[in-house]
Amino acid sequence: MFWGYVIAGYGIAAVVLGTYVVSTLRRGRTLSRQLDPEQRRFLDD
Amino acid sequence: MNRLVADAWRIARKDLAIERSSRVVGSQILPFGIVMLLLFAFGVDPELQVRGGERSILAEIAPGLFWITVLLALLLVSGRSFAVESDDGSLDALLVSGVHPGSILAGKTLVVAIQLALLEVVVGAGSMLLFGVRVDDPLHLLVVMLSTTVALAGAGTLLLAVVAGYSGRDTLGPLLVLPSMAPVLIGATAASGAALYGTGSDGAAWTWALVAFALLYGAAGIVSAGALLEDV
Amino acid sequence: MTTVEMPPARSVPEHTGSRLTRALGGAVLVTWTLWLLWGLVLSPADVVQHESVRLFYLHVPMAIMSSVTFSITLIGSIMVLRNGSVFWDLMAGVAAEIGVMFLGLVIATGAVWGKPTWGTYWEWDPRLTTAALMFLVYLGYLVIRRLDMDPVVRARRAAVFGIVAFINVPLTRFSVQIWNSLHQETTISLTDTQMDGAQLTSYALGMLAMATFLAWLLVHRFRVAWLEHAMDESGLEKLIRDRRAEGAANEPGGVR
């Protein structure tokens with residue numbers, strides 16, 4: 001019965017973090033395309 | 001320094017004059033406190049006694065209800081404090097005339113504190129009359145009420161200044177003020193319980209915590225006033 | 001008609017990745033693999049908490065990382081008030097956003113841990129209560145950052161709130177001690193449990209895994225915030241250009 005809670009806990013974290021990461025990366029791609037190269041970065045790499 | 005204090009006092013007197021002529025405190029804020037007292041009596045049966053105790057449940061939880069009422073009133077009072085300014089741009093006029101922003105915030109804090117204190121007197125008297133609340137240690141209670149009032153007024157003025165001039169401030173204000181003030185509420189409830197009934201051994205520690213909150217939030221408002229009020 | 005192809009001054013990819021994020025991303029993969037291997041497989045179950053102790057290898061590192069992000073918000077807020085730095089304004093907001101997400105997960109995993117251990121999802125314990133308050137306070141901070149007002153004014157106001165809000169971090173961190181010194185009763189303490197070597201290793205790996213993940217995420221999220229900022233700026237510039245052109249066209253004898 002304890003494994004159920006462990007899986008639930010790690011599962012919630014995986015879903016939330018995964019969603020946030022994917023949406024962040026996708027938003028970065030969408031916005032990058034709409035801007036000129038010299039506007040895209042705060043610093044050179 | 002004298003100039004700052006004198007300006008703060010002038011702002012406070014101006015706002016007090018506005019409040020006196022508008023009669024909002026007498027006709028709206030104090031009745032709000034009385035309505036809350038009645039609502040609490042409807043929500044918690046005043047006849048119910050604490051098991052094996054000599055007080056009603058309502059009297060037992062009165063400190064918490066009291067401070068919840070004051071906290072909600074804080075939203076109304078400090079919201080007004082900036083609404084009277086930002087509506088017609090008189091805040092800008094004050095700043096242009098060379099009044100230090102810290103004086104403005106200090107003056108407004110004082111006015112909010114005075115209005116809250118009035119409400120506390122009315123709601124406190126009402127709790128004694130209607131709920132059967134007794135006071136063991138009036139001096140202790142006075143210290144608790146003074147420091148909590150200053151902490152709430154300071155923080156309320158500061159946080160409402162953050163959203164001043166924004167059209168959604170009526171709904172955002174509570175989100176900022178209520179969670180930030182919850183530790184003060186917890187402390188005030190515990191310390192007032194100790195002052196009223198001598199319950200709990202931690203009344204003194206909480207009272208010191210409240211004094212610290214009062215100093216902290218009083219000072220925070222004055223220090224950050226420049227950043228909040230000088231809009232470009 | 002010839003089109004002049006201007007070579008790009010430097011190649012900036014159409015995403016938020018770079019050598020830095022790839023290096024950090026590699027470190028994330030390695031540390032996460034080790035952490036999950038130790039935390040979920042190699043380390044033994046606890047004598048008292050059984051398998052649910054494994055939730056702590058996730059819960060505690062995230063809690064510490066959320067304090068780190070709110071500290072970044074504090075530093076950023078101070079810098080904004082000192083010199084109006086756009087970098088620090090964006091960084092403060094980005095850090096708070098990630099911190100709120102972490103803190104939400106800390107509360108959620110704590111509740112999932114509490115059910116088998118305490119028998120209840122929620123306990124009015126000082127740590128839980130103050131953590132919930134901190135979550136709401138920083139949620140308020142994120143709302144301030146999205147207010148529709150002048151960006152400079154908004155940055156300063158958010159900064160003031162970002163500094164005031166930080167009081168919740170030590171309050172939550174030391175809540176158990178503060179309340180325990182007030183009340184004499186003892187609450188369940190994490191340090192009571194005996195930790196063996198593999199459990200300690202799981203904690204350490206969890207810290208490392210979350211720290212590298214936070215660094216990787218901060219860089220990406222900051223770059224997105226910078227892109228959003230650049231979009232707003234270029235939108236404003238275009239607006240001004242259009243207005244100027246309009247004004248010139250309307251002028252008598254102006255450019256047609």
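The following exercises, each with a worked solution, concern a predicted model with several chains.

**Exercise 1. Contacts between chains**

Determine which of the two pairs of chains that touch has the most contacts, and how many residues each chain gives to that contact.

*Solution.*
Step 1. Of the two pairs of chains that touch, chains A and C have the most contacts.
Step 2. To this contact chain A gives 30 residues and chain C gives 36 residues.
Step 3. On the side of chain A that touches chain C, 16 residues are nonpolar, six are polar and eight are charged.
Step 4. Chain A and chain B, by contrast, do not touch, and their nearest C-alpha atoms lie 24 Å apart.

**Exercise 2. The side of chain C that touches chain B**

Identify the element that supplies the largest share of the side of chain C that touches chain B.

*Solution.*
Step 1. The contact joins 21 residues of chain C with 18 residues of chain B.
Step 2. Two elements of chain C give two or more residues to this side: helix H4 (126-145) and helix H5 (151-165).
Step 3. H5(C) provides the largest share, with eight residues.
Step 4. By type, this side of chain C holds 16 nonpolar, two polar and three charged residues.

**Exercise 3. Chain A and its residue Arg33(A)**

Describe the overall form of chain A, and decide whether Arg33(A) is buried or exposed.

*Solution.*
Step 1. Chain A contains one helix and zero strands.
Step 2. Along the principal axes, the C-alpha atoms of chain A fill a box of roughly 55 × 20 × 10 Å.
Step 3. Of the 45 residues in chain A, 18% are buried.
Step 4. Arg33(A) belongs to helix H1 (residues 2-34) of chain A.
Step 5. A residue is exposed if 12 or fewer other C-beta atoms lie within 10 Å of its own. Arg33(A) has 11 such atoms within 10 Å, and is therefore exposed.
Step 6. From Arg33(A) to Ala14(A) there are 19 residues in sequence and 29 Å in space, C-alpha to C-alpha.

**Exercise 4. A residue of chain C**

Decide whether Val106(C) is buried or exposed, and state which residues it contacts beyond its neighbours within four places in sequence.

*Solution.*
Step 1. Val106(C) is part of helix H3 (residues 86-118) of chain C.
Step 2. A residue is buried if 20 or more other C-beta atoms lie within 10 Å of its own. Val106(C) has 24 C-beta neighbours inside 10 Å, so it counts as buried.
Step 3. Apart from neighbours within four places in sequence, Val106(C) contacts His59(C), Met62(C), Ala63(C), Ser66(C) and Ala131(C).
Step 4. Asp125(C) and Val106(C) are separated by 19 residues in sequence and by 15 Å in space, C-alpha to C-alpha.

**Exercise 5. The faces of a helix**

Explain why the buried residues of H1(B) line one face of the helix.

*Solution.*
Step 1. Helix H1 (residues 2-22) of chain B has 21 residues and reaches 30 Å from its first C-alpha to its last, close to the 30 Å expected at 1.5 Å a residue.
Step 2. Its buried residues are Asp7(B), Ala8(B), Ile11(B), Ala12(B), Asp15(B) and Glu19(B).
Step 3. These buried residues line one face of H1(B) because, seen down the helix axis, they fall within an arc of 135 degrees.
Step 4. In general, an α-helix has 3.6 residues a turn, so residues three or four places apart point the same way.
Step 5. The face of H1(B) turned away from the buried side bears exposed residues: Asn2(B), Arg3(B), Ala6(B), Ala17(B), Arg20(B) and Ser21(B).

**Exercise 6. From the loop to the next helix**

State what is notable about the phi of Arg23(B), and test whether the span of H2(B) agrees with expectation or departs from it.

*Solution.*
Step 1. Arg23(B) follows H1(B) and lies in the loop between H1 and H2 of chain B.
Step 2. Most residues other than glycine have a negative phi. Arg23(B) is not a glycine, yet its phi is positive, about 55 degrees.
Step 3. With 9 other C-beta atoms within 10 Å, Arg23(B) is exposed.
Step 4. The 20 residues of H2(B) should span 28 Å at 1.5 Å a residue, and its end C-alpha atoms are 27 Å apart, which agrees.
Step 5. The buried residues of H2(B) are Val25(B), Gly33(B), Met36(B), Leu37(B) and Phe40(B).

**Exercise 7. Two crossing helices**

Characterise the crossing of H2(B) and H5(B) by its angle and its handedness.

*Solution.*
Step 1. The axes of helix H2 (residues 24-43) and helix H5 (residues 101-131) of chain B come within 10 Å and cross at roughly 35 degrees.
Step 2. The crossing of H2(B) and H5(B) is right-handed.
Step 3. Residues making the contact include Val25(B), Gly33(B) and Leu37(B) of H2(B), and Leu118(B), Val122(B) and Gly126(B) of H5(B).
Step 4. The residues of this contact comprise eleven nonpolar, four polar and no charged.

Definitions and conventions. Residues are numbered from 1 along each chain as its sequence is written. Chains are lettered from A and ligands numbered from 1 in the order in which they are written. This is a predicted model: local features need pLDDT of at least 70, side-chain atom pairs count only at pLDDT 80 or more; totals for chains, interfaces and linings use all residues. Two residues are in contact if their C-beta atoms, placed from the backbone, lie within 7 Å. Ala, Val, Leu, Ile, Met, Phe, Trp, Tyr, Cys and Pro count as nonpolar, Asp, Glu, Lys and Arg as charged, and the others, Gly among them, as polar. Axes are lines fitted to C-alpha atoms, for helices over the stretch in contact, and angles run from 0 to 180 degrees between N-to-C directions. Helices (H or I, at least four residues) and strands (E, at least two) are DSSP runs, numbered from the N terminus. A crossing is left-handed if the near helix is turned anticlockwise from the far one by less than a right angle, and right-handed if clockwise. The expected span of a helix is 1.5 Å times one less than its number of residues. The arc is that of the directions from the helix axis to the C-beta atoms.
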